[in-house]
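Please open the structure in your viewer and keep the sequence beside it, since each stop on this tour asks you to select something and then look around it.

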Amino acid sequence: MYKAKVYVTYKESILDPQGAAIKKALHHLNYQEVQKVSVGKYFEIQVADGGQKINEQVQKMCDELLANVNMETYRFEIQDDQEDEK
């Protein structure tokens, strides 16, 4: 069993209105040193050891469903859950 940790964020060229609103709220709370806030999505996916390579499988999931590749970028980490149980 594997665990994929997937992080999805807007590309640099895409406006992030939620991040801008959070930055403004932080400034109102006197956190003036905050320069930028980016909002994204985080997924943890447990995957059984299948026939396909796990990296290829997770990349396909991201491309087909988890990220809008026109507006978002993603990265992921794969952990072997069996190592966590030892």
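Select Met1, which is found in the segment before β1, and bear in mind throughout that this is a predicted model. Is Met1 buried, partly exposed or exposed? Met1 is partly exposed, because its relative accessible area is 40%, and a residue counts as partly exposed when this value lies between the 20% limit for buried and the 50% limit for exposed. If you leave aside residues up to four places away in sequence, Met1 touches Gln46, Val47, Ala48, Gln79, Asp80, Asp81 and Gln82. Add Phe76 to the selection, and you will have two residues that are 75 residues apart in sequence, with their C-alpha atoms 16 Å apart in space.

Now move along the chain and select strand β1, residues 2-10, together with strand β2, residues 40-47, which pair in the antiparallel sense over eight bridges. Within this pair, look for Tyr7 in order to find its bridge partner in β2, which is Tyr42.

Keep β1 selected and add strand β3, residues 72-80, for here the pairing is again in the antiparallel sense, over nine bridges. Two places are worth picking out along these strands: Val8 stands opposite Tyr74 in β3, and the bridge partner of Tyr10 in β3 is Glu72.

With the three strands shown together, you can ask in what order they stand in the sheet. The order is β2-β1-β3, in an open sheet with antiparallel pairing. Because β2 and β3 each have a single partner strand, they stand at the edges, and one side of each is left without a neighbour in the sheet. Neighbouring strands of this sheet are turned by 15° against each other on average, when direction is ignored.

Next, select helix α2, residues 54-66, and turn the view until you can see how this helix lies across β1, β2 and β3, running at about 150° to β3.

Return to the sheet and select Gly40, which is found in strand β2. Gly40 is partly exposed, because its relative accessible area is 48%. Apart from residues up to four places away in sequence, Gly40 touches Val8 and Thr9. If you also select Gln18, you will see a residue 22 places from Gly40 in sequence, with 9.6 Å between the two C-alpha atoms.

The loop between α1 and β2 is the next stop, and the residue to select there is Asn30. Most residues other than glycine have a negative phi. Phi of Asn30, however, is near 70°, a positive value in a residue other than glycine. Asn30 is exposed, because its relative accessible area is 62%, and exposed residues are those over 50%.

For the last stop, turn to the largest pocket, in which about 210 Å³ of space lies. Which residues lie nearest its centre? Select Ile14, Asp16, Lys36, Val37 and Ser38, which lie nearest the centre among the 14 residues that line the largest pocket. The elements that give two or more residues to this lining are β1 and α1, residues 17-28, and the largest share, three residues, comes from α1. If you colour the lining of the largest pocket by class, you will find six nonpolar, three polar and five charged residues.

Key:
Residues numbered from 1 in each chain as written. Predicted model: local features only at pLDDT ≥ 70, side-chain atom pairs only at ≥ 80, totals over all residues. Heavy atoms only, no water. Pairing = 2+ DSSP bridges. Helix = DSSP H or I, 4+ residues; strand = E, 2+ residues; numbered from the N terminus. 1 Å grid on protein atoms, 1.4 Å probe; cavity = no way out; pocket = protein on both sides within 12 Å on 5 of 7 lines; lining within 4 Å. Points joined across faces, edges and corners; volume = space filled by probe spheres on them. Nonpolar A, V, L, I, M, F, W, Y, C, P; charged D, E, K, R; others polar. Buried < 20%, exposed > 50% of the residue type's maximum accessible area, 1.4 Å probe, protein only. Axes fitted to C-alpha atoms, helices over the stretch in contact; angles between N-to-C directions. Contact = heavy atoms within 4.5 Å.
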